[in-house]
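The following note concerns how the two parts of the chain meet. Please read the points alongside the coordinates.

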Amino acid sequence: MSDAYVSLKNLTLAYGKTVVVPDLNLDVRKGELIALLGPSGCGKTTAMRSIAGLMAPKSGTISIDGVDITRTPANKRGIGLVFQSYALFPHLSVFENVAFGLRLKKLPKAKIASMVEQGLQTVGLAHLSDRKPEDMSGGQQQRLSLARSLVMEPKVLLLDEPLSNLDARLRLEMRNELQRLQRDTGITMIFVTHDQAEALALADRIVLMKDGIVEQLGTPDELYNAPNSKFAADFFGFENIFEIEGSEIVGRTGRLTVLIDAKEGYLAWRPSAITIGSGPHQGTISSMAFAGELREYIIEAPLGQIKVTTPSSTPPFDIGSPIAFDLAIDKARHLSKNGEET
Amino acid sequence: MYSKWTTRLIIGLTLTFLIGPFFIIILAGLSDGEFMTFPPDGISLRWYAKVFTVESFRDSFKLSMFLAIFGTIAALILGVPAAYAISRYKIPYGETIKTIVAAPIIVPGIIVGLALLRYLVVPLNFTVTLALFMAHTALILPYAVRVVSSSMNNLRSDMEEAAVLLGCSRLGAFTRVVLPNIQSGVLAAFILGFVTSFNQVPVSLFLSGPGVRTLPIDMLSYMEITYDPSVAALSALLALLSVVIVFMAEKFLGFSRYV
Amino acid sequence: MFQNNREGLALALPAAIFTALFFLLPVGFLLSEAFKVDGMWSMQGYFDFAIKPLNQTVFLRTLKLGFLVALTSAIIGYACAFSIVNLEGKSRGRVFGLVVLPLMISPVARTYAWIVILGRTGIVNDAILGLGLSDTPIRILFTETAVFLGLLQLFLPLMIISLVSAMENLPKDVIPAARVLGANWLQVFTKVILPLTKDGLVMGGTLVFTGSLTAYITPAILGGSKVLMLETLLYQRVNVANDFVSAGIIATILIIMSFSANLLLKRIAKARS
């Protein structure tokens, strides 16, 4: 890709002899907000740490804006990192935390003061500059950590699970704030998360990783609506996945004949894509949970357990009662075995 | 639970056993009589005053102070980097290094003193003072490493990484971020080291020469020839010195959690 | 960032080299002396040492006193630690501080106090004479009792500290739970408290035991040459007879005992984590 700003080529990362990321290739465009998404242990954090320079790759190169920085020490890379724990300096005031990096640059005092002031303003903490980090709420600490990195005007800003330590309301607020910051500053951001909702809401593009390998790369729309592997589908909410064998699909306790051209791979349905109350198949409702807008049913069918949701505005079905349901082929996603979509 | 009074009684009796004797020597030193008795024979400060007139005490006090202060500083200079390395790195032969550094805790002091006398002072012409300094440093080192390590372990290493990403060198990250945050641990280690060294007897038993004696050794030999209340007075003064130091340390650092 | 382990080694090595060179090496030389008789390598020194009745007495006495002090401090320690844990926050901290305090005070001063208490004209004898229990003062100083009391006072705090921290880690409400299930206090202690705090007991016991074995000042001041223990015997052998073989042997015994105790402690610490 010619417009790559951050570029990882054949990156191999290992802790001692344990290879965590075998061969990573990734191009990030300038001004892009990209998410490294995956379950814990998938290598996303390791990849991020190697970009920051906190971990030396075993082989491969990392370059920013065409300059190879693979061997550049972390303190000379000009990359910002907002730690999951925030990693604020407990012995310094809010002001001094933000001024920390600027003082190391030996900028004039007045300049530092105005930059810190501005930085705190950007994240809405200007009125707290004399406080100690420990006297702040989690959300404020997060902003402070952000401001501390932003005043350094980094080429790339890395964020490690930026929303994971916040409660639901703050998470929404912070999400909007990060998007606004990115729009205003045009800074390139790479963030690591295990939460698909977070990645979908924030990122321009998502890198879905598994066992150190990029499973799928694409826009949130592509990943959500068109996952191309069993792993990706499962990760993005296709909770009913059945393997195809000939003209049947196989569940845990039985099989079902379906009309489909493909002879192998998987068929996957979201819980909301399955109709209940009518249809050719029979099952029994074994449990129901009320989840606000939706009702979540578990249906015991000859095929095995099936998870279905219905809008809670429709009348509920009784637990224990027999129920008809429909696994419509046109609502299923077909996944091939090797991960490529057919 | 058992009753409040049983609780109080048990604690009261134990504390009387542990601390009561100090009150007794403080009072015994206040006696006006010629011999050690309790309750004291009248009240005077003359035995407390006498302690300060004993010539040799002044020299031995100076030596003990010197060893306690500089021995502890030397132990910290060696111990802080070691504690840092132990808590942050996976060092090759890490367990061996830890065992070596911790060894002085399990070697009885009297043996150390004798060994250093036989193999450093006599054949290598180390002065007794230098040998004492070495022994005290090695003795305090394990405490310094332990106390500093425990406060280092409470400090997340990502703070240093944050400092480096903001432009610090590794050393800079240590001095600007780690050191300010383990300050009280280092101070606690200093106090613990100081008190340990100052009160140390067995190591110094064999390491003493003409005019070179630590205060506790000097006291021991003074006790052998004196039986007037000045010995009690001196003991009381020493105990008070420790109490004051520990009290201050507890007040400012919450010292007892480091012991 | 902390993957360059050579860097770590460079930071840790000076401390290790210092200790090895100026501490372990001389001590090692000293221990090896026990195997040299008249310049020849031999175990003869050990045999000669072992058959002397005085050495046997002192060795057994040291073990006996160490054991008794550890046992007594365990009994007092449980009662005291349980009481401390039952106190409210602020007074708990204060009492704990007072228990720790004696550890910081010069053992010379701590031991000397017992002379005032146990001496011929001391408090105890005053009381005995005053109550008419005896016509002449009883000798308490320079007996095993005096050494025992001195050691107990010196090391009891270590036991209490260990037991308090063990009891603080007891799961909440296990004791009321056991009571509700019908256990009497003895059963609560033997079936709940003891098994759950045994690590603390072993830790405290080892500290007290080895502390007592290797104490010098207390047997020196309160026992004198009448109640010799291993350390005072070592001092005497060197000072009176220049007997470095005996010194080396006693040193070896002491180190082996401390080392085994330390090993035990480490194993417990590891099992716990």
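1. In this predicted model, 14 residues of domain 1 of chain A are in contact with six residues of domain 2 of chain A. Of the area that the domain 1 side buries, 47% is due together to Gln196(A), Tyr224(A) and Pro227(A), the residues of domain 1 that lose the most area to domain 2 of chain A.

2. The domain assignment of chain A places domain 1 at 4-229 and domain 2 at 234-335. Taken over C-alpha atoms, the centres of domain 1 and domain 2 of chain A are separated by 39 Å.

3. Between them, domain 1 and domain 2 of chain A bury about 880 Å². Carbon and sulfur atoms account for 69% of this area.

4. As to specific interactions, the rule finds zero salt bridges across the interface of domain 1 and domain 2 of chain A. Three residue pairs in polar contact are found across the interface of these domains, with both residues at pLDDT 80 or more.

5. Which helices of chain A each supply at least two residues of the side of domain 1 that touches domain 2? They are helix 6 (196-202) and helix 7 (220-225). Helix 7 of chain A provides the largest share of that side, with three residues.

6. By residue class, the side of domain 1 of chain A that touches domain 2 of chain A comprises eight nonpolar residues, six polar residues and no charged ones. This composition may be read beside the absence of salt bridges across the interface of domain 1 and domain 2 of chain A.

Technical notes
Residues are numbered from 1 along each chain as its sequence is written. Chains are lettered from A and ligands numbered from 1 in the order in which they are written. This is a predicted model: local features need pLDDT of at least 70, side-chain atom pairs count only at pLDDT 80 or more; totals for chains, interfaces and linings use all residues. Side-chain values use heavy atoms; hydrogens and water are left out. Domain bounds come from an automatic or database domain assignment. Contact means heavy atoms within 4.5 Å. Buried area is the accessible area (1.4 Å probe) that two parts lose on being put together, summed over both. A salt bridge is a side-chain nitrogen of Lys or Arg within 4 Å of a carboxyl oxygen of Asp or Glu. A polar contact is a pair of N or O atoms within 3.5 Å; within protein, one must be able to donate a hydrogen and the other to accept it, and residues adjacent in sequence count only if both atoms are side-chain atoms. Helices (H or I, at least four residues) and strands (E, at least two) are DSSP runs, numbered from the N terminus. Ala, Val, Leu, Ile, Met, Phe, Trp, Tyr, Cys and Pro count as nonpolar, Asp, Glu, Lys and Arg as charged, and the others, Gly among them, as polar.
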